[in-house]
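Please look over the sequence and the three-dimensional structure shown here before reading on. The briefing below walks slowly through how the strands are arranged into sheets.

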Amino acid sequence: MSDALLQVRDLYIGVRDLKVVRGLSLDVAAGELLAVVGESGAGKSVTARAILGLLPTGMTVSGSVRLDGRELVGAPQSTYRQLRGRRIAFVPQDALSVLSPVHTIGDQLALAIRSVRRVSRKTARDNAVAALDRVGIPDAVRRARAYPHEFSGGMRQRAVIAMATVNDPALVIADEPTTALDPTVQAHILDLLDELRRDSGTAVMLVTHDLAIAAAHADRILVMYAGRHVQSGPIEQVLADPRAPYTAGLIAALPPRESTGRRLPAIVGTPAMPGSLPPGCAFAARCPAARDICRVEEPAPFEIGPGHLVSCHRLGELPGRTTELFEEIAG
Ligand SMILES: Nc1ncnc2c1ncn2[C@@H]1O[C@H](COP(=O)(O)OP(=O)(O)OP(=O)(O)O)[C@@H](O)[C@H]1O
C-alpha cells in the first residue's frame with residue numbers, strides 16, 4: 001500500500017441518478033504538486049470538494065479518501081471541521097466565496113490562527129500581518145485593516161492563500177485558483193504557490209483545465225475525462241509520452257512555444273456529459289484511434305512505468321508519437 005499523504009481509491013460521486021466521478025484513484029505525496037487536468041465537466045471540482053468534505057447536499061460519495069491514513073468517506077462533519085484549515089486547506093477560484101465581507105482581512109486571519117493556536121490577540125494579529133507579508137501583499141500592516149472588497153482580485157487571492165496556509169497544512173487543494181485573474185496576476189499567484197511549497201513543504205493538488213499551467217508547475221499530473229482516469233504520472237513522462245489519445249489531444253492543442261510553430265487543432269467535438277455517456281470508453285466518439293472494443297468496454301488504468309498509468313484499450317498499438325493522431329486530422 002502506498003504511504004502517500006492523500007490516497008483516493010475507487011471514488012464514485014453521484015448526483016441524483018448520475019455518476020459524475022466513476023472509480024477514480026489518485027495519490028498526493030507529501031510536498032508534491034499534483035495537477036488534475038481535463039475539460040469542463042470532467043469531474044475535477046467535485047473530486048476536490050469530495051476530498052475536502054465540501055460537496056453540496058444531495059451529492060453522494062463512495063470509495064475511499066484517506067488523509068494521513070485516516071478514512072474520510074463517511075466521517076462526520078466534525079472530523080472535516082477539525083481537519084480543514086489545519087491538515088488540509090482550500091483555495092477556490094472565487095476568493096469572495098471564502099472570505100467574510102464583514103470582517104477585515106487581518107481579523108479573519110487572526111481568527112484562523114487563534115482557532116488552532118493558543119496565542120494572544122496581539123500575537124495572532126502580528127502573525128496575520130506576517131502571513132500577508134509572506135504572500136506578497138505590500139504594506140501588510142495597513143492592508144490587514146482592509147475588507148475583502150477593498151482588495152483587487154489578485155490581492156484577494158493572495159489573502160485566501162495566506163488564510164489557507166497560515167496554520168501550515170500538509171495539503172492545499174486549489175481549484176482553478178487563477179482562472180478569474182488576468183495572465184500576469186495568474187503567473188504571480190502560481191509562482192507564489194510554488195514558493196510556499198518550496199518553503200514549507202506543503203503538498204498541493206491543483207485543479208486546472210490548463211495543461212500549460214500543469215506543465216509549468218506540477219510534479220505529477222492526473223488527466224481526467226467524463227469522471228474517469230485517463231492518464232497519470234510524473235509530469236515530464238506524461239508530456240513526453242502521452243500514451244492516451246485524450247492526453248495527446250490536449251498536448252497537441254497547446255499553443256506552440258515559438259511563434260513559428262504550427263498550432264494543431266483541438267480535439268474535435270464536445271466533452272461527454274454524465275447524463276449521456278455512451279457504453280465503453282467515454283472518449284471513443286472523439287478519439288481518432290477508437291476501435292470496436294472502445295465502444296463496448298471501459299478501459300481500466302494500466303501501469304506502463306513506475307507510477308505512470310494509462311487507461312486506453314489501444315495502448316500497445318498506437319504510433320510512437322501519439323500527438324500524430326491529431327496532426328492527421330489537421331490534414
Ligand atoms: N451542484 C451540482 N449539481 C448537479 N450536478 C453538478 C453539480 N456540480 C457539478 N455537477 C456536475 O458534475 C459534473 C462534474 O462537474 P465538475 O464541476 O466537477 O467538472 P470540472 O471538471 O471541474 O469542470 P469545470 O472545469 O467546468 O469546473 C458535471 O457534469 C456537472 O454538471
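What follows describes two sheets and a helix that packs on them, as they appear in a predicted model.

**The sheet of 8 strands**

- One open sheet has 8 strands in the order β6-β7-β8-β3-β9-β10-β12-β11, and the pairing within this sheet is mixed.
- The edges are taken by β6 (88-91) and β11 (302-305), and because each of them has a single partner strand, one side of each is left without a neighbour in the sheet.
- On average, neighbouring strands of this sheet are turned by 20° against each other when direction is ignored.
- Helix α1, made of residues 44-52, packs on this sheet and touches β3 (33-37), β6, β7 (171-175), β8 (203-208) and β9 (220-225), while the direction of α1 makes about 150° with that of β7.

**The two edges of that sheet**

- As general background, strands of a sheet pair through backbone hydrogen bonds, and this can happen in a parallel or an antiparallel way.
- At one edge, β6 pairs with β7 in the parallel sense over 4 bridges, and within this pair Ala89 has Val172 in β7 as its bridge partner.
- At the other edge, β11 and β12 (residues 308-310) run antiparallel and are joined by 3 bridges, with Leu309 in β12 serving as the bridge partner of Glu303.
- In a regular strand, side chains alternate between the two faces of the sheet.
- In β6 both faces are covered, since Ile88 and Phe90 on one side are buried, and Ala89 and Val91 on the other side are buried as well.

**The sheet of 4 strands**

- A second open sheet contains 4 strands in the order β2-β1-β4-β5, and here the pairing is antiparallel.
- Its edge strands are β2 and β5 (70-71), each of which has a single partner strand, so one side of each is left without a neighbour in the sheet.
- Helix α1 packs on this sheet too, touching β1, β2 and β4 (59-67), and the direction of α1 makes about 115° with that of β1.

**The hairpin of β1 and β2**

- Strand β1 (residues 6-15) and strand β2 (residues 18-28) run antiparallel and are joined by 8 bridges.
- These two strands form a hairpin with 2 residues between them, and Arg16 in the turn has a positive phi of about 50°.
- Along the hairpin, Ile13 stands opposite Val21 in β2, and Leu11 has Leu24 in β2 as its bridge partner.

Note on methods. Residues are numbered from 1 along each chain as its sequence is written. This is a predicted model: local features need pLDDT of at least 70, side-chain atom pairs count only at pLDDT 80 or more; totals for chains, interfaces and linings use all residues. Two strands pair if DSSP finds at least two bridges between them. Axes are lines fitted to C-alpha atoms, for helices over the stretch in contact, and angles run from 0 to 180 degrees between N-to-C directions. Two residues are in contact if their C-beta atoms, placed from the backbone, lie within 7 Å. A residue is buried if 20 or more other C-beta atoms lie within 10 Å of its own, exposed if 12 or fewer, and partly exposed in between; C-beta atoms are placed from the backbone.
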